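Here is my note on the model, point by point. Please read it with the coordinates open.

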Amino acid sequence: TLRPHWRHTFSPAWSMQLEVGGLRQLYGEDLSDYWETATRLSVIHQYGYRSELSIAYQPKHIWYDDREQFDAAGVAMPGTSLYYWQHEVGAQWRHHWDETRHWRTTNRLSYMFNQDNGSGYFDYNRVVFTQQLRWTNPLWEIKGGVRVGWYYYPVQQFNNEQLERSYVVVDLRVERRLGKYWLLYVNAEREWSMSSDPVEEYNDWLAGGGVGVEF
């Protein structure tokens, strides 16, 4: 992956950032490899104790090596190639509540429309809201959050109704620094997935831990 960016500061409070990116994903034999390109334009307002309020727009293009288009009934169309166009707009508010920046909240809201180059079978609308609370000092960092997402598919159906899917994810991460470079961490995540198609409904737990190094 490659994602350089350019940032221009208009004043101490206002700036604009442009990112361009390219990615090559290699899966092997089981899934289709793909290329991805994206451009992201952000307008950023800085205030207070390094707090930021920003809005952004990102178009993305994804094209697959081997995947085929589907017709409106969900049947593969041999001899075709599949690619996606995605358009996403979003806003983020990252606020430090004290001068030493021990406490920080981050709120994100985004809307994305995915469009395929065929019948529209893979088209969907997605809305995601994220809320995170973080506390940190020189030795510890603790952060927890919740993420809520909703998908609507204008072409796909289940039981003669348009397919919809939503999810809720709650997560927690605790990190302990060990000297200048090393750290220990544990994290846990709980997810609930709801859908008009029962096959896509599930609940799960994920927990882990490890050792990290920063340099």
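Is Glu 52 buried or exposed? Point 3 gives the answer, after the basis and the overall picture.

1. Basis. The model is predicted: local features need pLDDT of at least 70, side-chain atom pairs count only at pLDDT 80 or more, and totals for chains, interfaces and linings use all residues. Residues are numbered from 1 along each chain as its sequence is written, and side-chain values use heavy atoms, with hydrogens and water left out.

2. Overall picture. The protein chain has eleven strands and zero helices. Here helices (H or I, at least four residues) and strands (E, at least two) are DSSP runs, numbered from the N terminus. The C-alpha atoms fill a box of roughly 60 × 45 × 35 Å along the principal axes. Of the 215 residues, 32% are buried. Buried stands for under 20% relative accessible area, exposed for over 50%, and partly exposed for values in between (1.4 Å probe, protein chains only). Among contacts with a separation of 6 or more, 46% are between residues 24 or more positions apart. A contact means heavy atoms within 4.5 Å.

3. Glu 52. This residue lies in strand β4 (residues 51-64). Glu 52 is buried, because its relative accessible area is 13%. Leaving aside neighbours within four places in sequence, its contacts include Arg 7, Tyr 47, Gln 92 and Arg 94. The side chains of Glu 52 and Gln 46 are joined by a polar contact of 3.3 Å. Such a contact is a pair of N or O atoms within 3.5 Å; within protein, one must be able to donate a hydrogen and the other to accept it, and residues adjacent in sequence count only if both atoms are side-chain atoms. Trp 14 is 38 residues from Glu 52 along the chain, with 9.7 Å between their C-alpha atoms.

4. Glu 88. Look in strand β5 (residues 83-96) for this one. Glu 88 counts as buried, because its relative accessibility is 17%. Which side chains make polar contacts with the side chain of Glu 88? Ser 110 does so at 3.4 Å. Arg 126 does so at 3.1 Å. Beyond four places in sequence, Glu 88 is also in contact with others, including Ala 56, Tyr 57 and Met 112.

5. Glu 36. Strand β3 (residues 34-47) holds Glu 36. Its relative accessible area is 14%, so Glu 36 is buried. Not counting residues up to four places away in sequence, Glu 36 touches Gly 21, Gly 22, Leu 23, Lys 60, His 61 and Ile 62.

6. Gln 131. This residue is in strand β7 (residues 124-136). Gln 131 counts as partly exposed, because its relative accessibility is 27%. A polar contact of 3.4 Å links its side chain to that of Asn 107. Outside the four-place window in sequence, its contacts also include Thr 105, Thr 106 and Gly 144. Arg 147 is 16 residues away in sequence, and the C-alpha atoms of Gln 131 and Arg 147 are 6.5 Å apart.

7. C-terminal pairings. Strands β9 (residues 161-178) and β10 (residues 182-195) pair in the antiparallel sense over 14 bridges. Two strands pair if DSSP finds at least two bridges between them. Val 170 stands opposite Arg 190 in β10. The β9-β10 hairpin has three residues between its strands, and Gly 179 in the turn has a positive phi of about 80°. β10 also pairs with β11 (residues 202-213), antiparallel, over twelve bridges. In that pairing, Tyr 185 is opposite Gly 210 in β11. Six residues separate β10 from β11 in their hairpin.

8. Backbone points to check. Most residues other than glycine have a negative phi. Arg 50 has a positive phi, near 60°, and is found in the loop between β3 and β4. Arg 50 counts as exposed, because its relative accessibility is 58%. Asn 160 also has a positive phi, near 65°. Its place is in the loop between β8 (140-158) and β9. Asn 160 is exposed, because its relative accessible area is 72%.
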